[in-house]
Amino acid sequence: MTETGGRQAMLMLSLATVGFAVNFWAWALLSPLGPRFKELLGLSRRSRRSWWRCR
């Protein structure tokens, strides 16, 4: 692998790692709000299940 190819591979790996970390952090912040959204929107278990199937 050339030096330029190695640098590009390292940059892509670093960017993917940072992207994964930000995504994981965002889900960790939002997941505790799930029960609150369920209550606010009045979602039943059946409606939550059907919503996931439609996606």
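**Notes on a three-helix predicted model**

1. Let's begin with helix 1, which covers residues 3-30. Its 28 residues should span 40 Å at 1.5 Å a residue, and the end C-alpha atoms lie 41 Å apart, so the expected and modelled values agree. Please keep in mind throughout that this is a predicted model.

2. On the overall fold, the protein chain has three helices and zero strands. Read along the sequence, the pattern is α-α-α. Helix 2 takes in residues 34-41, and helix 3 takes in residues 45-54.

3. A word on confidence before the details. The average pLDDT of the protein chain is 85, and 82% of the residues score at least 70. Helix 1 has the highest confidence, at 93, while helix 3 has the lowest, at a mean of 66. Local features are reported only where pLDDT is at least 70, so please read the mean of 66 for helix 3 with that cut-off in mind.

4. How much of the chain is buried? Buried residues account for 0% of the 55 residues in the protein chain. Helix 1 fits that picture: zero of its 28 residues are buried, so this helix lies largely in the open. Helix 2 is hardly covered either, with a count of zero buried residues among its eight. The accessible surface of the protein chain is about 5600 Å², and carbon and sulfur atoms contribute 67% of that area.

5. Which residues form the nonpolar patch on the surface? They are Val 18, Val 22, Trp 25, Trp 27, Leu 29, Leu 30, Leu 33, Phe 37, Leu 40, Leu 41 and Leu 43, with about 1100 Å² of accessible area together. Helix 1 and helix 2 are the elements that give two or more residues to this patch. Helix 1 gives the most, with six residues. One of the patch members, Trp 25, lies in helix 1 and counts as exposed, at 55% relative accessibility.

6. The structure holds one aromatic pair. The ring centres of Phe 20 and Phe 24 are 6.2 Å apart and the planes meet at 25 degrees; planes under 30 degrees apart count as stacked, so this pair is stacked. Within helix 1, Phe 20 and Phe 24 are four residues apart, which means that about one helical turn separates them. An α-helix has 3.6 residues a turn, so residues three or four places apart point the same way. Both rings belong to exposed residues: Phe 20 has a relative accessible area of 57%, and Phe 24 has one of 58%.

7. A search of the whole structure finds one salt bridge. The partners are Arg 36 and Glu 39, whose closest N and O atoms are 3.9 Å apart; the cut-off is within 4 Å. Arg 36 and Glu 39 are three residues apart in helix 2, so here too the separation is about one helical turn. Are these partners buried or exposed? Arg 36 counts as partly exposed, at 46% relative accessibility, whereas Glu 39 is exposed, with a relative accessible area of 59%.

8. One last backbone detail: Gly 42 follows helix 2 and has a positive phi, near 65 degrees.

How values were computed. Residues numbered from 1 in each chain as written. Predicted model: local features only at pLDDT ≥ 70, side-chain atom pairs only at ≥ 80, totals over all residues. Heavy atoms only, no water. Expected span 1.5 Å × (residues − 1). Buried < 20%, exposed > 50% of the residue type's maximum accessible area, 1.4 Å probe, protein only. Phe/Tyr/Trp six-rings, centres within 6.5 Å; stacked < 30°, edge-to-face > 60°. Salt bridge = Lys/Arg side-chain N within 4 Å of Asp/Glu carboxyl O. Areas by Shrake-Rupley, 256 points an atom, 1.4 Å probe, with all protein chains shown as cover. pLDDT = per-residue confidence, 0-100. Patch = residues over 30% accessible without salt bridge, like charges linked within 9 Å, V, L, I, M, F, W, Y side chains within 5 Å.
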